[in-house]
Amino acid sequence: MKTGMKNSKNDPVVKISLFLLKYFPLKVLIILAKLISILFYNFGIKSKKRVKENLKKCHIRFSIKIYLNNATFLVENLYLLYHHPSEDRYEFQNLELLKNLVMKNEKVSIISVHYGSWEVVGQILQRKGFNISVVYQKRDEWFYDYLDAIRVKYGVKLIEKSSPLSVYKGHIENGRILSFLIDQKLNNLTTKNVNFLGIVQNLPYGWYRVIEKFKLHPVLMVTRFEKGKHKVYFYDAYGFSYEKIYRFFEKEIKKDIFQYDFFSKIFQDSNG
């Protein structure tokens, strides 16, 4: 067991949370998470300030919906520590696109953003037989040790963003699908100016260079909670430019802007 996870288990709040995740049904956990999110909405000064700043830059009103949605998405992901994903809550649209590309032995990349229940979808795809390798940034906080344990539970591989191209090449040659989340500016990454959510900002460009270098077939994935179900959509992005991909996700996010993750520091270095 990782040191961070081991040490955190002595924390009373963590102990209670792990107990609840292990023994309580998902529906009850979602209700509890939403109640806690209401407290954060009213009293979470630090996160509230960050969310408000992000929304202001995007000219979007502050809303409790952001807290309620993200509480649901987070608890559904953490639930996987002890349970399998509730696949009956997920409905896949145009999954045949991904299946056909894999059957043709094409080199494929799934591209997405921090929107909806994207974490759980990756686990379900792995359980369905798609070999997923997620490109991510390793974080030292103990909370992310739990998230990483969930991410690899069913065989998803993790590639640190700073890895040399030879690592990416190895995963591709082994027939794995590279998965990128393209909406966060992280340290030591190649970036490029792009208009995203109404803000001209520097966002990652390295993922696009990897796609070009290894001639990957890009598939865009959007997951959105609609009418009691997580709807997961796949779109063929072959031939899409870097800018066109961001425009596509901006359009999809705006269909329900409050399912986007405004809790991170994605806009901290923006020009907006």
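Contact here means heavy atoms within 4.5 Å. This is a predicted model, in which local features need pLDDT of at least 70 and side-chain atom pairs count only at pLDDT 80 or more, while totals for chains, interfaces and linings use all residues. Residues are numbered from 1 along each chain as its sequence is written, and side-chain values use heavy atoms, with hydrogens and water left out.

Arg151 makes a good starting point. Leaving aside neighbours within four places in sequence, Arg151 touches Trp118, Glu119, Gln123, Tyr136, Val156 and Leu158. Arg151 belongs to helix H8, residues 142-151; helices (H or I, at least four residues) and strands (E, at least two) are DSSP runs, numbered from the N terminus. With a relative accessible area of 13%, Arg151 is buried (buried is under 20% relative accessible area, exposed over 50%, partly exposed in between, using a 1.4 Å probe and protein chains only).

Among the partners of Arg151 are Trp118, Glu119 and Gln123, and these three are also listed among the buried residues of helix H7. H7 spans residues 118-127 and is mostly covered, with 9 of its 10 residues buried. Besides those three, the buried set takes in Val120, Val121, Gly122, Ile124, Leu125 and Gln126. Just after H7 comes Gly129, with a positive phi of about 105 degrees.

H8 also packs against helix H5 (residues 64-78): the two axes come within 10 Å and cross at roughly 65 degrees. For these values, axes are lines fitted to C-alpha atoms, for helices over the stretch in contact, and angles run from 0 to 180 degrees between N-to-C directions. On the H5 side the contact is made by Leu74, Asn77 and Leu78, which meet Phe143, Leu147 and Ile150 of H8. By class that gives 5 nonpolar residues, 1 polar and no charged; Ala, Val, Leu, Ile, Met, Phe, Trp, Tyr, Cys and Pro count as nonpolar, Asp, Glu, Lys and Arg as charged, and the others, Gly among them, as polar.

A second helix pair is H9 (residues 165-173) with H10 (residues 206-214), whose axes lie 12 Å apart at an angle of about 55 degrees. H9 and H10 are therefore oblique to each other (under 35 degrees counts as roughly parallel, over 145 as roughly antiparallel, 65 to 115 as roughly perpendicular and the rest as oblique). Here Leu165, Tyr168, Lys169 and Ile172 of H9 meet Val210, Lys213 and Phe214 of H10. That contact has 5 nonpolar residues, 2 charged and no polar ones.

Turning to the strands, 7 of them make up an open sheet of mixed pairing, in the order E1-E9-E8-E2-E5-E3-E4. Two strands pair if DSSP finds at least two bridges between them. The edges are E1 (90-93) and E4 (157-160), each paired on one side only. On average, neighbouring strands are turned by 25 degrees against each other, direction ignored.

Strand E2 (residues 108-112) pairs with E5 (residues 177-181) in the parallel sense over 4 bridges. In that pairing Ile111 has Phe180 as its bridge partner, and Ser112 has Leu181. E2 is also joined by 4 bridges to strand E8 (residues 217-226), again running parallel, with Val108 standing opposite His217 of E8. E2 is mostly covered, and 5 of its 5 residues are buried. Val108, Ile110 and Ser112 point one way from the strand, Ser109 and Ile111 the other.

Later in the chain, Tyr242 is found in helix H11 (residues 242-253) and is buried, with a relative accessible area of 2%. Setting aside neighbours within four places in sequence, Tyr242 is in contact with Lys192, Val194, Leu203, Pro204, Tyr205, Trp207 and Tyr208. Tyr242 and Arg209 sit 33 residues apart in sequence and 9.5 Å apart in space, C-alpha to C-alpha.

Glu53, finally, has its place in helix H4 (residues 45-57). Glu53 is partly exposed, with a relative accessible area of 41%. Between the C-alpha atoms of Glu53 and Val232, which are 179 residues apart along the chain, the separation is 29 Å.
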